[in-house]
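Visitor: I would like to look at a model with you and ask how each label on it is earned. Shall we begin?

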Protein chains: 2
Amino acid sequence: MTGASVISAAATAFGPQPDTEVHELAFRAAWEAIRAIDLDPARIGMAFAGHAYQGPCFGQKALMRMGLSGLPIINVENACASGATAVTLATQAIRAGACDIALALGAEKLTTPGGGFLPIVADDLDSSMGRVMPAAFAMQAQLHMARYGTTREQMAMVAVKNRANALANPRCHLKKAVTLDDVLSSPTIADPLTRLSCCPVSDGAAAVILARDSIARQFTAHPIRIAASVLVSGARTPHGIVDDKSEMSIRAARLAYEAAGIAPADVDLCEMHDPFTIAEIIHYEDLGFCAPGEGGRFIAEGRSAIGGDVAVSPSGGLLAKGHPLGATGVAQIAEIFWQLRGEAGRCQVPGARVGLAHTVGGGVSKLEAGACGVHLLVA
Amino acid sequence: MTGASVISAAATAFGPQPDTEVHELAFRAAWEAIRAIDLDPARIGMAFAGHAYQGPCFGQKALMRMGLSGLPIINVENACASGATAVTLATQAIRAGACDIALALGAEKLTTPGGGFLPIVADDLDSSMGRVMPAAFAMQAQLHMARYGTTREQMAMVAVKNRANALANPRCHLKKAVTLDDVLSSPTIADPLTRLSCCPVSDGAAAVILARDSIARQFTAHPIRIAASVLVSGARTPHGIVDDKSEMSIRAARLAYEAAGIAPADVDLCEMHDPFTIAEIIHYEDLGFCAPGEGGRFIAEGRSAIGGDVAVSPSGGLLAKGHPLGATGVAQIAEIFWQLRGEAGRCQVPGARVGLAHTVGGGVSKLEAGACGVHLLVA
C-alpha cells in the first residue's frame with residue numbers, strides 16, 4: 001500500500017498568547033512548515049485541521065491567510081486527540097490516493113475561554129457534578145496507589161523529569177525546573193494531584209506536512225516514515241467509574257505495534273499524553289514499556305529518562321511544554337520528526353530511530369466516550 | 001480505483017425536537033440505517049460524524065448507545081457542509097482501503113442555542129456588524145435582481161415549489177403549502193427576503209452506510225454508486241463584498257461532473273442547498289442547469305419542478321424540509337438513495353437514475369472561508 005512520510009513540521013511556542021488570535025497561531029505554524037521546504041502551497045491536496053473549541057471553519061480561516069482556501073479543508077474534533085485525528089486523516093488521504101501531499105494542522109487557544117477548567121457540556125452529568133478532569137485523574141491515581149503501591153513521590157518524579165526536559169525546549173510553556181518537594185508541597189487540586197502535577201493552560205499551534213513515500217525525497221533528504229497511524233474510540237473507563245489503565249491506549253498501541261511490526265522495546269522515544277503525572281505512569285503500562293502496576297517503579301528507576309529504556313516526553317510533554325488541545329497531537333508528531341532527524345537540539349535523544357506519539361481524549365466517565373491516537377514513526 | 005456505494009440510509013423527521021437530545025437523534029438515525037439491512041454494527045470500520053455546534057466527541061456519544069464506540073470515530077465540521085464532509089471522508093476511507101464499510105452520520109439541534117440566528121463567532125466582524133446569513137443572502141438577491149432582472153415573484157416561486165414538494169415528505173419540518181402571495185406578503189427579514197423565503201430552525205439527524213462496491217450487493221440488491229464525492233473550500237464571495245454566484249459551488253460541481261463523466265443535463269434530481277429562495281436560483285446557474293442570469297426564468301418556466309429538466313429538492317429542500325446543519329448533507333444523500341431506488345414514496349421522481357447533492361457553508365464574507373460538497377450518485 002502507498003505509505004506516507006512526514007516531510008516538514010513546525011510549531012509555535014506554547015503558552016499564553018492572549019493577544020494573538022488562534023487562526024493567526026495556526027497560520028504561523030502552517031506557513032513555517034511550508035516555507036521550511038520551499039513548498040508551493042498549491043501542491044497541498046487536502047488539509048485537516050484539529051481543534052476542540054475554536055468555532056466553525058477554523059482551518060479555512062487559518063489557511064486563507066496564505067491564499068490557500070481552494071483545497072478540501074476538513075475540520076476535525078476528537079477532544080484531546082483532535083490533533084492526532086488530523087494526522088491520521090492526512091495519512092489516510094495519501095494512502096487513498098486522494099492527494100500526494102497533505103497538511104495536518106492543530107491549534108487551540110485555551111486562555112480565551114477563561115483559562116480555567118475546560119467548558120462543561122450542558123448534558124455532561126459527571127462534569128457538572130464536579131468530576132472534571134483533575135478529579136477524574138485523581139481517582140485514577142488513588143486506585144493505582146491502592147492497587148500497586150504507587151507513591152506520591154513516584155508521581156511527582158514525572159513532573160520533575162518533564163519540567164527538566166522542558167528546559168531544553170524553546171517552545172515550552174513552563175521554563176522552570178522543579179524539585180520533588182516543590183511538586184509535593186504545591187497546593188492540592190484533587191488529592192493526590194497538586195498544582196504542579198497538572199498541565200498548564202496553554203495556547204499554541206502546530207503543523208506537519210505529509211507526502212506520499214515515493215515522492216517524499218523530492219522535498220527533503222530525510223523524510224520520516226509513518227509506520228502506523230491508529231485511531232480508536234471508546235470509553236475512558238469502560239470497566240466502571242474509575243480504572244487504573246486506559247483501555248483505549250492499550251488497544252490503539254497494540255494495533256499500531258502490529259501494523260508497524262515494531263515492539264515496545266524498539267521505541268526510542270515517546271511523546272506521551274501526560275496532562276497529569278499519574279497519566280504518564282499509567283501509560284507506561286498501557287503502551288507496553290513496563291508491566292501493569294510497575295509504572296511507579298519505571299519512573300523511579302530512571303527508565304523513562306533520556307538515556308533510559310525509552311525517553312518519554314523529551315520535549316517536556318503536556319506537563320511542561322503545555323497542552324493546547326488541538327495542537328498537542330500534531331506537535332507530538334513534529335517533535336518526533338525533529339528527533340528522528342537529529343534536529344531536536346538540546347532535547348535530542350541520541351541515536352533515536354523509532355518514535356511513538358500517544359494522545360487520548362474525551363469525557364471522564366464510562367458514559368463519555370473519547371478517542372485515542374497512536375502513531376509510530378521511523379527514521 | 002475501489003469505489004463506494006450507499007447500501008443503507010435513514011433520517012429522523014426534521015423539525016423542533018426540544019425534548020430529545022442531539023445524541024439520541026443521531027443514534028436513532030444510525031440505528032435505523034443499520035437495522036434496515038440487518039448489519040452487524042461491528043462490521044462498520046470507521047464512522048464520520050458531521051455537526052457544527054454540538055460539542056466534543058459528538059459521534060462517540062451517539063454511537064456508544066449501540067455499544068459501537070471502539071472503532072475510529074471522527075467528528076467533522078464544515079459549517080453547513082459538515083454532513084457532506086462526513087460523506088466525503090467515508091467515501092475516501094473506503095477508497096483508501098481503510099475499511100470496507102463506513103458510516104456517515106450528521107445531526108444538529110438548532111432549537112437549543114435559542115432557535116434564532118446562528119451563534120456569532122467572537123472575531124467575526126461581519127456578523128457582529130449585522131451581516132448575518134439572511135442579510136448576506138439578501139445582498140446576493142439584490143445584486144441578482146439588478147444584474148439579471150430576477151424578480152421577487154421568481155424567488156417566491158422557489159418557496160412555493162419546495163413547500164409543495166414537502167407535503168409528500170413525511171420527514172419535513174414545514175407541512176403546509178404556501179402561495180406566491182403568502183411568500184411575498186410575509187414579514188420582511190432582509191429585503192427582498194421575507195420570512196417564508198428563509199429556511200426554518202430545525203433539529204434532526206441522518207445516517208448513510210457506505211460499502212466497498214465489490215461487496216455492496218451482499219447487503220442490498222440495489223446499492224447506489226457514489227460516482228463523485230467532491231469537497232472544496234473557498235470564500236463565499238471571493239470577488240468582493242457580494243457576488244451573484246457561488247464560486248465554490250461552480251468549482252465543486254465542475255470537479256464532480258468531470259470525475260463522474262456526467263453532464264448537468266444527465267442529472268434527474270438535485271437536492272440543493274436552498275437556505276433562502278435566492279440561493280436556489282443562483283445554484284441552478286452554478287451547477288450548470290441553466291446559464292448565468294437565467295435562474296429566475298428557470299424556476300418560472302417550471303424546469304426545476306418534478307417533471308421538469310431536473311427535479312430540484314423534491315424532498316422539500318432546506319426551505320421546507322428544514323436545515324439542521326450537520327444533518328443536512330447526509331440527509332440529502334439519503335433522499336437521493338431512496339429516489340434512485342424508487343423508494344421515495346409520494347416524493348418520487350419518475351425514472352430517476354442520476355442524483356446530485358449540493359451543500360455549501362461557511363462565513364458570509366470574503367474574509368470568512370467555508371466549504372462546498374457535491375456528490376453525484378448513480379442507480
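Guide: Gladly, and we can begin in a loop: D38(A) lies between helix 1 (22-36) and strand 2 of chain A. Please keep in mind that this is a predicted model.

Visitor: What makes the phi of D38(A) worth pointing out?

Guide: Phi of D38(A) is near 50°, a positive value, and the residue is not a glycine. Most residues other than glycine have a negative phi.

Visitor: Why is the peptide bond between D191(A) and P192(A) called cis?

Guide: Look at the torsion: omega is about 10° for the bond that joins D191(A) and P192(A), and that bond is cis. Most peptide bonds are trans. P192(A) sits in the loop between strand 5 (188-190) and strand 6 (193-194) of chain A. In chain B, the bond from D191(B) to P192(B) is also cis, with omega near 10°, and P192(B) is placed in the loop between strand 5 (188-190) and strand 6 (193-194) of chain B.

Visitor: How do you know that K161(B) and E280(B) form a salt bridge?

Guide: The cut-off is 4 Å between a side-chain nitrogen of Lys or Arg and a carboxyl oxygen of Asp or Glu. In K161(B) and E280(B) the closest N and O atoms are 2.8 Å apart, so the pair meets that rule. The two residues belong to distant parts of the chain: K161(B) is in helix 6 (residues 152-166) of chain B and E280(B) in helix 10 (residues 277-286) of chain B, 119 residues apart. Over all chains, the whole structure has 30 salt bridges.

Visitor: How many salt bridges are there between chain A and chain B?

Guide: Zero. What the interface does have is 21 residue pairs in polar contact, with both residues at pLDDT 80 or more.

Visitor: Which elements of chain A give two or more residues to the side that touches chain B?

Guide: They are strand 2 (46-50), helix 2 (58-63), strand 3 (73-77), helix 3 (82-95), strand 8 (224-235) and strand 12 (369-378). By class, that side has 25 nonpolar, 13 polar and eight charged residues.

Visitor: What makes strand 3 of chain A and strand 3 of chain B a pair?

Guide: Two strands pair when there are at least two bridges between them. Three bridges join strand 3 of chain A to strand 3 (residues 73-77) of chain B, so they qualify, and they run antiparallel. One detail to find on screen: V76(A) has V76(B) as its bridge partner.

Visitor: How much area do the two chains bury?

Guide: Chain A and chain B bury about 3,200 Å² between them, and 56% of that is on carbon and sulfur atoms. In chain A, the residues that lose the most area to chain B are P56(A), E77(A) and Q92(A), together 16% of what that side buries. The contact takes 46 residues from each of chain A and chain B.

Visitor: Why is the relation of the chains called a two-fold axis?

Guide: A turn of 180° with a shift of 0.0 Å along the axis lays chain A on chain B, with an RMSD of 0.0 Å. That is therefore the relation of a two-fold axis. In chain A, the C-alpha nearest the axis belongs to A96(A), 1.7 Å from it. The same surface serves both copies, as 100% of the contact residues of chain A recur in chain B.

Key: Residues are numbered from 1 along each chain as its sequence is written. Chains are lettered from A and ligands numbered from 1 in the order in which they are written. This is a predicted model: local features need pLDDT of at least 70, side-chain atom pairs count only at pLDDT 80 or more; totals for chains, interfaces and linings use all residues. Side-chain values use heavy atoms; hydrogens and water are left out. Contact means heavy atoms within 4.5 Å. Buried area is the accessible area (1.4 Å probe) that two parts lose on being put together, summed over both. A polar contact is a pair of N or O atoms within 3.5 Å; within protein, one must be able to donate a hydrogen and the other to accept it, and residues adjacent in sequence count only if both atoms are side-chain atoms. Helices (H or I, at least four residues) and strands (E, at least two) are DSSP runs, numbered from the N terminus. Ala, Val, Leu, Ile, Met, Phe, Trp, Tyr, Cys and Pro count as nonpolar, Asp, Glu, Lys and Arg as charged, and the others, Gly among them, as polar. Copies are superposed by least squares on the C-alpha atoms of residues with pLDDT of at least 70 in both.
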